[in-house]
Amino acid sequence: MMKLIIPDDYSQASEWAAYIRNCIIQFNPGPDKYFTLGLPTGSTPLGCYKKLIEYYKNRDLSFKYVKTFNMDEYVGLTQDHPESYCSFTWNNFFKHVDIHPENTHILDGNAADLKVEYDGFEEKITAAGRIELFVGHLGPDGHITFNERGSSLVSRTHVKTLAMDTILANARFFDGDLTKVPTMALMVGMGTIMDAREMMILIMGAHKAFALYKAIEEEVSHMWTMSAFQQHPHRVCMMRMPP
C-alpha cells in the first residue's frame, strides 16, 4: 500500500522529508556497512537538504558512512557549470555536511563516451549493493528524474532526449534562452530505481495533482512513469497542496 502524506505547508513538508534521517540512523551505517542514498535535484528537494544540513550541524546526523548516487545529469554541461546537477548538489548539500567526496557519485554529462559513462555508473550502483532509499520528485507529466512519458519501466542508466515540455520548463534556469537548455540527459532508469529497497517521492504543488492521480489511482503505464511504483512494496509519497 502506498502511504500518502499531505503536509500543511512547505516547511512541514521538509520536516517529513527528513524521514531520510531516521532511515540512516536505523540502518546504523559504519566502515563496513554504508547507507546508499539516491538523490534528486531541482527546487522541490531544497527544503529537505536544508533540514538534513541542520541535523548535521546539530550533531543529530552524520553522512560519514553514506554513499550517494545522483539520479540524473544534463548532457553537454561540464560538472562545474553553474546549472549542472553536480554543481547543484555540491552547493546545496554536499559541501555543508561530512560526506566524503569519494562516496558521492554523479553522472558526467560531458563524458567523451556516454555509454561507457552510464554503464559504469550502473556498475557502481551494483557494487554498492543497492540503493537503500531513493528520493525523487514528480514532474507535472508524471515523470521521475528524466524518465519522461513513454520511457521504459525496466530501463537501466541510460541517455535520453528530453521532451520539449521539460526543455521549456527548465529554460528559467538558463536565462529563458531555449538555445542554452540541454536537449539530452543521462539518468538512472526506472528498473534501477525500482530495485531500491525503499523510495520516497516529493510532490509540491496542486499543478502536480493530476499526475499523482494518474500514478496511483489508475493502471501502471509507461506514459506515467511514476505509476510503476504501484508495484514496489515500500514507498512513501509526500504532497504539498497550496492554501
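I begin with one polar contact: the backbone nitrogen of Ile144 lies 3.4 Å from a polar atom of the Thr225 side chain. By polar contact I mean a pair of N or O atoms within 3.5 Å; within protein, one must be able to donate a hydrogen and the other to accept it, and residues adjacent in sequence count only if both atoms are side-chain atoms.

Two remarks on the source. This is a predicted model, in which local features need pLDDT of at least 70 and side-chain atom pairs count only at pLDDT 80 or more, whereas totals for chains, interfaces and linings use all residues. Residues are numbered from 1 along each chain as its sequence is written, and side-chain values use heavy atoms, with hydrogens and water left out.

To return to Thr225, this residue sits in the loop between α8 (209-217) and β10 (235-240). Helices (H or I, at least four residues) and strands (E, at least two) are DSSP runs, numbered from the N terminus. Is Thr225 buried or exposed? Thr225 is buried, with a relative accessible area of 0%; buried means under 20% relative accessible area, exposed over 50%, and partly exposed in between, with a 1.4 Å probe and protein chains only. Setting aside neighbours within four places in sequence, Thr225 is in contact, meaning heavy atoms within 4.5 Å, with Gly142, His143, Ile144, Asn147, Glu148, Ser151, Leu153 and Met190.

Ser87, in helix α4, is also a buried residue, with a relative accessible area of 8%. Its side chain reaches the backbone oxygen of Gln79 at 3.1 Å, and a polar atom of that side chain lies 2.7 Å from the backbone oxygen of His81. Beyond four places in sequence, the contacts of Ser87 are Gln79, Asp80, His81 and Pro82.

I turn now to the cores. A nonpolar core is a set of buried Ala, Val, Leu, Ile, Met, Phe, Trp, Tyr and Cys residues joined through side-chain atoms within 4.5 Å. Which members of the largest core touch the most other members? Among its 29 residues, they are Ile20, Phe35, Leu37, Leu52, Phe63, Phe93 and Leu133. Two or more residues each come from α2, β2 (35-39), α3 (46-57), α4 (85-92), β6 (133-137) and β9 (198-204). Of these, α3 gives the most, with 5 residues. Apart from this core lies another, of 26 residues, including Met71, Ile125, Ile144 and Ala211.

Phe63 is in contact with Ile24, Leu52, Tyr56, Phe93, Val97, Asp98 and Ile99, leaving aside neighbours within four places in sequence. Val97, from the loop between α4 and β5 (104-105), is buried at a relative accessible area of 10%. With the same sequence neighbours left aside, Val97 is in contact with Ile53, Tyr56 and Phe63. The C-alpha atoms of Val97 and Phe174, 77 residues apart along the chain, are separated by 28 Å.

Next, helix α2. Which residues of α2 (19-27) are buried? They are Ile20, Cys23, Ile24 and Phe27. These four cover an arc of only 95° around the axis, which puts them on the same side of α2; the arc is that of the directions from the helix axis to the C-beta atoms. An α-helix has 3.6 residues a turn, so residues three or four places apart point the same way. Just after α2, Asn28 takes a positive phi of about 55°.

Strand β6 is largely enclosed by the rest of the structure, because 4 of its 5 residues are buried. Two strands pair if DSSP finds at least two bridges between them. β2 and β6 pair in the parallel sense over 2 bridges, with Gly38 partnered by Phe134. β6 and β9 also run parallel, joined by 5 bridges, and there Phe134 has Met199 as its bridge partner in β9.

Finally, an open sheet of 3 strands follows the order β4-β8-β7, with antiparallel pairing. Its edge strands, each pairing on one side only, are β4 (72-74) and β7 (158-161). Neighbouring strands are turned by 25° against each other on average, direction ignored; axes are lines fitted to C-alpha atoms, for helices over the stretch in contact, and angles run from 0 to 180 degrees between N-to-C directions. β4 is joined to β8 (184-187) by 3 bridges: Asp72 has Met187 as its bridge partner, and Glu73 stands opposite Leu186. β7 and β8 pair over 4 bridges, where Thr161 stands opposite Met184.
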